[in-house]
Amino acid sequence: MNVLQYPIFKLLISLVIGILLGYHYQFDSVISLYLSLTGLLFLLLINRSRKIAVSAYFGFLVFLLFIGIGVVTATIHSERNSNHYLKKYTKGANVTFQITERLKPTAFHNRYFAEVLRINGFEAQGKFLFSLERDSLTEVQLLKVDDIYETQSSLKEIPSPLNPHQFNYKNYLKSHQVHRQLTVTSEAIQLKSSETNTLRGLAARFHDNINHKLEKYDHPNEIAVVKALLLGQRQDISAITYQQYAAAGAIHLLAISGLHVGLVLLFLNFLLKPIENLRRGKLIKLILTIIILWSFALVAGLSASVVRAVTMFSFIAYGMHLNRTHNIYHAIISSMFIILLFKPSFIFDVGFQLSYTAVLGIVWIQPLLSRYWIPRNKVSLYFWQLLTVTFAAQLSVLPLSLYYFHQFPSLFFLSNLIIVPCIGVLLGLGFLLIALLLLNVLPNWLANLYFEAINLMNSFVAWIANQEAFLFQYIHHFNEFKLIASYILIIALALLLQTKNRRRTVFFFGSILLLIATFIYEHKVANRKNRLIVFHKSRTSEIALHEGRTLKVQQKTNNNQRIFNDYALGENIKHIHIKQFSKSINFKGNRILIVDSLSNFDNNKEVDILLLTYSPKINLERALQKIQPKQVVADGSNYRSFVGLWEKTCLKKEIPFHYTGEKGAFIIE
């Protein structure tokens, strides 16, 4: 069966459309559910007529039905669900919640995801970010997954980014269905239950037991990587190690995902092969494989990435069981359909997008590449296959990597050629190490040998990461149009490699022209931009003129380039220059007066915008009467107490007041 004709593929497209509609438009969950049930009942009734059932009208109705199902599942899992805590929560309400996941701690807080159980005794649902201030108590004893607590502290809004193109943590959490945050001390929460009642809680207890036993070994960096490789725990990995793996193109090794589960599946396929000789051996082998894969998911903590990968490879195991090429595609599509049906928010998850894109690239593109050379030597064949798999996966995720991370590690093939063969061995030895550790019979020499192997891998990754000439960073303004055009080009290339004919050749060169056209268009748009930005940064003033592809920046300290780099990436800016502006700027007809702590305020001219920086000691009320500005702006360099007084003065004078610490960067287009 042609993959595009696979019925689940068509239903998947309908479901994705419905999910996108459900998240971007306001739909009532109850009405959406009733409409979908009515549509389903109508289809069941008309399905009894064979003429209608095989007609195009029936197919169109099924298409509409699954769009409706997508809308329903997106609405039910969103904050618009009538049972969501945002519908019931008021300030000061008694919130009963359960710890569901432990996150990477910060310098001052231990962080968790928590699920609301009740609001003032009434059932509710929904997740929030829970941060507990670190003190002598919480430093020693972390909260446990499945623990249930009560609090009357306020759930607060997650702040939006204050500067343009800054990482939007609020949207990131929203894609994980997290809509509020709670930051408290240990005295503000009350433990109600510490019973383990979920599989996730059992996995967390299992992890805690292993972590306790690993504490006696003095290899903190290696143990952090071991936890990531075998248990899916990345909380203890240092920022330096994480950045090195990212720069080497090996970041996927630090999260249990498709690579790890795929290796486990290949190992099980080899290990359980003798079972095929039994009566119904293939079916028994399939059942055992799926059971072991899900046991691995339980051991790995049932995180979103693990569940996603195991679901996908469970379907792939079924496709391998049927032993048909197209069934691998069907398995991938079916697993995606099932996952999105129950977890629609995954469609916005970067890991979900990268995992499926990489697997589809390997399944489709790798065979097309590998057939161009078939080595006779088995060793050469193995490394050639590994190289083509790595290249196919990297090519498939390249546009997404540029879109999300703005960098490309060109030595990815070298790190993967060396590390991936070792990962299989490290996984196998790692599971043996954990088993011996739990039985308290792990020899010290074996543990030290394993940690030394991890150390060698870390050292190799660090060496790759240090080859900065081969790491292309800060790739500017790779937006949605370039993302779509790039994937059209990759699809056209794969089709041309598959079958060379005139139509596919025209499509391939047409896709190249389309990608070039997006770059030309974005270049012209970037050259036309002209704006003034007052960025927000605590204790310093940062003002910039954006002229075409150049950013002229006024800053007193040169220790903060992150804001400007983020802005440059998002706006396709090539050059950043440090420049000192005059105290008076005329920008697009707006007369702007900059007043700082050193200014001797004596201005007789009327201005449109008064910009206050570095907490100037002026009588604002008198200044407003004198210069009569249309707006007053205060940036992050000012004392918060001064800002509060200025805001009251402007409110009294009915003059608009903009504080960048609350309203974000001030921009004049």
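Select Thr-357 to begin: at 18% relative accessibility, this residue counts as buried. Here, buried means under 20% relative accessible area, exposed means over 50%, and partly exposed is in between (1.4 Å probe, protein chains only). Thr-357 sits in helix α14. Helices (H or I, at least four residues) and strands (E, at least two) are DSSP runs, numbered from the N terminus.

Before you go on, two notes. This is a predicted model, in which local features need pLDDT of at least 70 and side-chain atom pairs count only at pLDDT 80 or more, while totals for chains, interfaces and linings use all residues. Residues are numbered from 1 along each chain as its sequence is written, and side-chain values use heavy atoms, with hydrogens and water left out.

**Stop 1: around Thr-357**

Keep Thr-357 selected and show what surrounds it. Leaving aside neighbours within four places in sequence, Thr-357 is in contact (heavy atoms within 4.5 Å) with Ser-396, Val-397, Leu-400 and Tyr-487. Now click on Ala-393: the C-alpha atoms of Thr-357 and Ala-393 are 7.8 Å apart in space, although the two residues are 36 apart in sequence.

**Stop 2: Ser-396**

Next, select Ser-396, which belongs to helix α15 (residues 378-405). Is Ser-396 buried or exposed? With a relative accessible area of 4%, Ser-396 is buried. Apart from residues up to four places away in sequence, Ser-396 touches Thr-357, Ala-358, Gly-361, Ile-365 and Tyr-487. You have met Tyr-487 before, in the list of contacts of Thr-357.

**Stop 3: Leu-497**

Move along to Leu-497, in helix α18 (residues 480-498). Leu-497 has a relative accessible area of 18%, so this residue is buried. Which residues does Leu-497 contact, leaving aside its neighbours within four places in sequence? They are Leu-368, Leu-369, Arg-371 and Tyr-372. Try the distance tool on Leu-497 and Tyr-372: their C-alpha atoms are separated by 10.0 Å, with their positions 125 residues apart along the chain.

**Stop 4: the largest nonpolar core**

A nonpolar core is a set of buried Ala, Val, Leu, Ile, Met, Phe, Trp, Tyr and Cys residues joined through side-chain atoms within 4.5 Å. Select Ile-19, Val-261, Leu-293, Ile-316, Leu-340, Phe-352 and Tyr-356: of the 44 residues in the largest core, these touch the most other members. Colour the elements that give two or more residues to this core, namely α1 (7-24), α4 (56-76), α10 (258-271), α11 (281-299), α12 (304-322), α13 (325-342) and α14 (350-370). Which of them gives the most? It is α13, with nine residues.

Zoom in on Tyr-356. Not counting residues up to four places away in sequence, Tyr-356 touches Arg-308, Met-312, Ile-332, Ser-335, Met-336 and Ile-339. There is also a second, separate core of 35 residues, and Tyr-245, Leu-253, Ile-419 and Leu-437 are among its members.

**Stop 5: Leu-263**

Go to Leu-263 in helix α10. Leu-263 counts as partly exposed, at 22% relative accessibility. Once neighbours within four places in sequence are set aside, Leu-263 is in contact with Ile-423, Gly-424 and Leu-427. For Leu-263 and Leu-437, 174 residues apart along the chain, the C-alpha atoms are separated by 23 Å.

**Stop 6: two loops with a twist in phi**

Most residues other than glycine have a negative phi. Select Asn-120, in the loop between β2 (109-119) and β3 (122-123). Asn-120 is not a glycine, yet has a positive phi of about 50 degrees. At 45% relative accessibility, Asn-120 counts as partly exposed.

Then select Gln-177, in the loop between α6 (169-175) and β7 (178-184). Gln-177 is not a glycine either, and has a positive phi of about 60 degrees. With 12% relative accessibility, Gln-177 counts as buried.

**Last stop: zoom out**

Show the whole protein as a cartoon, and look for its 23 helices and 20 strands. The C-alpha atoms fill a box of roughly 95 × 65 × 60 Å, taken along the principal axes. How many of the 669 residues count as buried? The share is 47%. Finally, among contacts between residues at least 6 apart in sequence, 66% join residues at least 24 apart.
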